[in-house]
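Welcome to this short briefing. Please have a look at the sequence and the model below, and then we can walk through some local features together.

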Amino acid sequence: MTLKLSKVIGHRGAAAYAPENTIEGIHTAADMGIEWVELDVKLTKDDVPIIFHDDTLERTTNGSGLVAETTYEDLKQLECGSWFGDSFAGTKIPTLEEAIEALINRDLGFNMEIKPCAGREKETTEVALDMLSNYWDDHARLLISSFQHVSLEVARDIAGDWSRGLLLAPEKNAQGDDEGINPDWKDVADYLDVRTVNLGASIATRDIIQDVIDLDLHPLIYTVNDPVDARQFQSWGVEAMFSDEPDVILENLLTVH
Ligand code: G3P
Ligand code: MG
């Protein structure tokens with residue numbers, strides 16, 4: 001199956017314009033003519049797949065505590081829009097099912113990032129892929145990604161023909177300083193049989209991007225909000241970039257690549 005990526009993928013929906021990981025964000029991206037969005041998926045305490053980034057509720061909701069210790073019934077009472085702007089007050093945390101319905105309605109491609117709470121790497125993938133399999137037919141416009149190798153391993157084993165992306169952030173040393181890319185990334189990508197390598201912008205050097213291309217994989221970069229960076233990545237052969245301001249990046253990319 002050929003993967004039909006778009007040049008720009010709305011990060012957490014369209015995170016500069018609408019609260020991240022919400023139905024409003026999905027519609028905002030679609031209204032801008034963005035063709036793909038990325039959303040983070042994790043499980044509530046009672047195994048409901050929801051769209052949410054952090055392990056804790058404080059930053060983006062009026063609740064507190066760990067997502068992994070909160071039931072869906074309790075999460076439903078929270079709102080996740082006020083922190084972003086008063087006009088988004090009352091926005092609810094979407095379930096994966098609600099997000100999929102909105103994505104299909106708006107004819108968007110979907111990068112589902114499996115973002116499990118610690119220790120739930122396997123279950124999160126199983127539940128999310130099970131839900132997705134009930135709805136999603138267009139596998140050319142679906143990418144399952146994760147930083148968690150266990151999650152990608154499970155995805156490979158239970159839905160081997162769906163495209164997977166290996167997310168790579170800078171490795172950290174004991175002092176917390178960046179130490180560049182995981183030196184074993186090529187072996188990991190090979191073992192997990194991924195189609196894309198999704199690189200944090202700070203480790204996405206020209207050489208590493210070329211290495212990805214030489215392996216016949218797609219290089220994707222997150223999170224690119226500066227048009228100058230975007231043009232440079234494009235000139236190095238990057239096919240798709242995640243952006244909080246996907247309209248700005250799309251406008252500034254060359255149409256002929
Ligand atoms: O998938 C790209 C990007 O979303 C990875 O980082 O922390 O924004 O989920 P994060
Ligand atoms: Mg993400």
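In which loop is D216 found? D216 sits in the loop between α7 (206-214) and β8, and we will come back to its backbone further down. Please keep in mind that this is a predicted model. The tour begins with the magnesium ion (ligand 2) and its donors E38, D40 and E113, moves on to the surroundings of ligand 1, and then takes in the backbone, the cysteines and two pairs of residues.

**The magnesium site**

- Three residues supply the protein donors of the magnesium ion (ligand 2): E38 and E113 through OE, and D40 through OD.
- These donors lie 2.0 to 2.2 Å from the magnesium ion.
- Along the sequence, the donor residues follow the spacing E-x1-D-x72-E.
- Distant parts of the chain are linked here, with E38 in strand β2 (residues 36-43) and E113 in strand β4 (residues 109-114), 75 residues apart.
- E38 and E113 are both buried.

**Around ligand 1**

- The residues surrounding ligand 1 are H11, R12, E38, D40, H53, E113, K115, F147, L167 and Y222, a list that includes the magnesium donors E38, D40 and E113.
- Sorted by class, this shell holds 5 charged, 3 nonpolar and 2 polar residues.
- E38 places a polar side-chain atom 2.6 Å from an oxygen atom of ligand 1.
- For H53, an N or O atom of the side chain is 2.7 Å from an oxygen atom of ligand 1.
- E113 also takes part, with a polar side-chain atom 2.9 Å from an oxygen atom of ligand 1.
- Ligand 1 exposes 290 Å² when taken alone, and the protein buries 91% of that.

**K115, a neighbour in the shell**

- K115, one of the residues around ligand 1, lies in the loop between β4 and α4.
- The side chains of K115 and E113 are joined by a polar contact of 2.8 Å.
- Is K115 buried or exposed? K115 counts as buried because its relative accessible area is 16%, under the 20% cut-off.

**Backbone points worth a look**

- Most residues other than glycine have a negative phi, and most peptide bonds are trans.
- D216 has a positive phi, near 70°, and is a residue other than glycine.
- At 71% relative accessibility, D216 is exposed.
- N21 is not a glycine either, and its phi is positive at about 55°.
- You will find N21 in the loop between β1 (8-11) and α1 (23-31).
- N21 has a relative accessibility of 3%, so this residue counts as buried.
- Which peptide bond is cis, with omega near -20°? The bond in question runs from Y222 to T223.
- T223 belongs to the loop between β8 (218-222) and α8 (227-235), while Y222 is among the residues that surround ligand 1.

**Cysteines**

- How many disulfides does a search of the whole structure find? The search finds 0.
- C80 is in no disulfide, and the nearest cysteine sulfur to it, that of C117, is 16 Å away.
- C117 is likewise in no disulfide, with the sulfur of C80 as its nearest cysteine sulfur at 16 Å.
- C80 counts as buried because its relative accessibility is 5%.
- C117 is buried too, at 3% relative accessibility.

**Two pairs separated along the chain**

- D74 is found in helix α2 (residues 72-75).
- With a relative accessible area of 47%, D74 is partly exposed.
- D74 and T44 are 30 residues apart along the chain, and 9.7 Å separates their C-alpha atoms.
- Y135 has its place in the loop between α4 (121-133) and β5 (142-146).
- Y135 counts as partly exposed, at 27% relative accessibility.
- A distance of 8.7 Å separates the C-alpha atoms of Y135 and E97, which are 38 residues apart along the chain.

Definitions and conventions
Residues are numbered from 1 along each chain as its sequence is written. Chains are lettered from A and ligands numbered from 1 in the order in which they are written. This is a predicted model: local features need pLDDT of at least 70, side-chain atom pairs count only at pLDDT 80 or more; totals for chains, interfaces and linings use all residues. Side-chain values use heavy atoms; hydrogens and water are left out. Donors are N, O and S atoms within 2.8 Å of the metal (3.2 Å for Na, K and Ca); water is not among the atoms, so sites may look incomplete. Helices (H or I, at least four residues) and strands (E, at least two) are DSSP runs, numbered from the N terminus. Buried means under 20% relative accessible area, exposed over 50%, partly exposed in between (1.4 Å probe, protein chains only). A residue is near a molecule or strand if one of its heavy atoms lies within 4 Å of it. A polar contact is a pair of N or O atoms within 3.5 Å; within protein, one must be able to donate a hydrogen and the other to accept it, and residues adjacent in sequence count only if both atoms are side-chain atoms. Accessible areas come from the Shrake-Rupley method with a 1.4 Å probe; for residues, only the protein chains shown count as cover. Ala, Val, Leu, Ile, Met, Phe, Trp, Tyr, Cys and Pro count as nonpolar, Asp, Glu, Lys and Arg as charged, and the others, Gly among them, as polar. A disulfide is a pair of cysteine sulfur atoms within 2.5 Å.
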